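This report describes the surroundings of a ligand in a protein chain, the annotated positions, and the arrangement of domains. Please consult the sequence and structure shown here alongside the text.

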Amino acid sequence: MEYAQVIIVGGGISGLAAAKTLGHAVKYVLIEAQDYLGGRVLTVDAAPDLAVDMGAQYVLGDKSALYKICDELKMLLDDDDADDDEAVVVTTDGKTINSELMDKATDFWERSIDDAEDKSDGQQSGLAVSFADFVPKVFQRRLLSCSLFPRELFGPITDYFMKSEMTDANCISLSDLNLIEYSNYEDPPGEYENDLKYTGYRPLVNYLKSFIPNDQRIRLNCEVVRVKFLSTERKLSVEIHDSQKQQKKTMICDHIIWTTSLGYLKEHFHRIFADEHDLLRQKQNAITNIGFGVLNKVILIYKKKFWRQSANSIILLHTQENHLFEMSDTLRQLLSNGSIDPSVVQEVAHGLSYCDVLPCTDIPVLVCWFGGPAAITIENFTEQFIGQICHETICSYLKIDQDRYPPVRVLKSGWHNNKYTRGSYSYHSVRSSKQDGKQLRIPYAPDGIQRILFAGEATHEQYYASVNAAFETGTQAAKKILSIIN
Ligand SMILES: Cc1cc2nc3c(=O)[nH]c(=O)nc-3n(C[C@H](O)[C@H](O)[C@H](O)COP(=O)(O)OP(=O)(O)OC[C@H]3O[C@@H](n4cnc5c(N)ncnc54)[C@H](O)[C@@H]3O)c2cc1C
């Protein structure tokens with residue numbers, strides 16, 4: 001039976017950072033269920049000289065260890081003009097809203113979160129407080145107290161901020177987002193969001209992979225399906241399913257660094273560790289309680305820009321609730337070919353509130369963000385169909401003929417249907433607490449020695465849900481193993 005000192009489960013940023021840290025001296029193998037390395041960091045070629053990220057897109061915190069590496073790899077966009085750019089804010093009937101008004105609303109939203117956080121501090125401890133119970137109400141009171149905002153915009157602006165928050169926090173609904181834990185969240189140190197150049201995150205994955213001494217150490221298309229501690233031998237037995245060869249194989253090791261997503265653990269934890277009752281007991285609540293939501297992108301690539309040259313984003317304010325734009329023949333055809341209920345068009349159109357203009361390229365690219373239930377809906381239809389709805393929604397709000405500038409390519413992510421991810425990243429739900437986070441991180445030591453170390457985005461204490469979290473937890477788990485081995 002093949003033996004390795006360490007088996008790393010998962011070849012996302014956490015697993016790759018662990019491999020880099022273990023270095024040449026340790027005999028390790030990295031097992032990855034999919035056919036590529038990077039996991040939720042997935043860069044695809046969209047056009048000649050343009051790669052786009054279907055997962056993580058920003059480097060968070062310009063004082064972080066991860067940022068330093070990305071900077072050295074010259075991956076970061078040095079966008080001096082970015083400060084002059086602003087959002088195009090437009091309503092259903094094509095009215096443009098002054099972006100300063102949106103800035104004011106953003107300030108109100110942020111202050112409402114602060115107020116709500118202070119208020120929730122005073123709540124009885126142990127009582128979970130949902131984001132939805134406080135923030136939107138406080139926000140609406142602020143809008144009411146300010147004469148700048150027309151009454152008819154209260155609802156659409158609140159709806160926009162709620163959708164943005166659902167997208168950022170990546171929760172199923174704001175009623176499920178734990179306000180107390182939300183306020184305890186700390187961003188990676190430094191400037192929050194930093195854009196990447198046209199190469200996306202790819203150079204980071206290649207850089208981390210370059211530390212793996214030879215390809216024998218990487219097993220792609222291999223899923224770890226069962227783990228058992230052999231108490232007599234004091235070793236771990238790891239059953240692996242190779243989906244290409246359609247073979248099962250068992251390996252033996254001393255330690256595991258486990259980096260799979262929380263979404264994957266929610267589905268498979270009990271099966272994989274069925275023999276390890278203490279471990280099941282230890283982590284069951286954490287895995288059940290901590291939230292794992294879905295965030296998806298639809299990327300529209302155009303030949304020509306049809307939005308304002310200096311716009312860095314497009315915000316759609318849905319001022320007419322049940323409004324549906326006049327569909328083009330192309331969209332009608334796609335609907336009837338797929339026998340699709342037209343209500344899907346409405347759901348997707350209403351779910352779209354925010355698009356980024358990709359700053360790293362002269363090619364016109366819009367990144368449309370979907371959170372909450374619409375993020376799952378869009379996974380069930382083709383790129384062409386969903387892309388066409390996004391395109392026509394944007395055109396209808398901007399009052400542009402939808403046939404004049406059709407997208408030349410559409411890309412769509414599918415993080416929920418990906419069976420090795422089952423969503424995008426973690427958040428604290430109203431059922432979870434700091435204690436659950438701690439339980440998720442705790443290593444498993446059946447014989448008093450830490451045998452299975454848990455790493456990955458969701459196990460970071462402060463800034464879970466980020467690439468930084470994946471990188472740091474993978475690095476730390478490997479350092480811990482080095483200290484045990486040596
Ligand atoms: C749409 C989207 C946008 C995001 N935007 C940002 C952003 O802008 N900035 C940011 O910092 N973060 C962002 N994130 C979050 C960031 O991508 C993740 O936090 C990070 O990449 C997680 O890395 P990881 O190594 O912990 O997990 P993963 O990347 O999920 O790696 C785990 C790996 O384990 C593999 N695996 C699963 N099960 C098994 C098994 N049984 N056996 C073997 N292998 C297995 C999976 O295939 C996967 O490759 C975003 C995520 C998404 C989805």
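## The ligand shell

In this predicted model, 41 residues surround the ligand, and those that come nearest are Gly10, Gly12, Ser14, Gly39 and Ala470. By class, the shell comprises 18 nonpolar, 18 polar and five charged residues.

Three elements, α1 (13–22), β10 and α15 (467–485), each contribute at least two residues to the shell around the ligand. The largest share is that of α15, with four residues.

## Position between domains

The domain assignment divides the protein chain into domain 1 (2–41 + 198–293 + 420–485), domain 2 (43–55 + 294–412) and domain 3 (100–190). The ligand lies between domain 1 and domain 2, because both give residues to the shell around it.

Taken over C-alpha atoms, the centres of domain 1 and domain 2 are separated by 35 Å. Ten residues from domain 1 and eleven residues from domain 2 take part in the contact between them. On the domain 1 side, the residues that touch domain 2 are three nonpolar, five polar and two charged.

## Annotated positions

An unreviewed UniProt entry lists Ser14, Glu32, Ala33 and Val224 under "binding site". Of these record positions, Ser14 is also among the residues that come nearest to the ligand.

Glu32 is located in the loop between β2 (28–31) and β3 (43–47). This residue counts as buried because 25 other C-beta atoms lie within 10 Å, where 20 or more are required. Beyond its neighbours within four places in sequence, Glu32 is in contact with Gly10, Gly11, Leu37, Ile218, Arg219, Leu220 and Cys222. One of these partners, Gly10, is listed among the residues that come nearest to the ligand.

Val224 belongs to strand β10 (residues 222–230), an element that supplies at least two residues of the shell around the ligand. Val224 is likewise buried, since it has 22 C-beta neighbours inside 10 Å. With neighbours within four places in sequence left aside, its contacts are Val9, Ile31, Val238, Ile240 and Ile272.

## Model confidence

The mean pLDDT of the protein chain is 94, and 97% of its residues reach 70 or more. The model scores are ipTM 1.00 and pTM 0.96.

Note on methods. Residues are numbered from 1 along each chain as its sequence is written. This is a predicted model: local features need pLDDT of at least 70, side-chain atom pairs count only at pLDDT 80 or more; totals for chains, interfaces and linings use all residues. pLDDT is the predictor's confidence in each residue, from 0 to 100. UniProt positions are given in the numbering used here, feature names are shortened, and annotations may be inferred rather than shown by experiment. A residue is buried if 20 or more other C-beta atoms lie within 10 Å of its own, exposed if 12 or fewer, and partly exposed in between; C-beta atoms are placed from the backbone. Two residues are in contact if their C-beta atoms, placed from the backbone, lie within 7 Å. A residue is near a molecule or strand if its C-beta atom, placed from the backbone, lies within 6 Å of it. Ala, Val, Leu, Ile, Met, Phe, Trp, Tyr, Cys and Pro count as nonpolar, Asp, Glu, Lys and Arg as charged, and the others, Gly among them, as polar. Domain bounds come from an automatic or database domain assignment.
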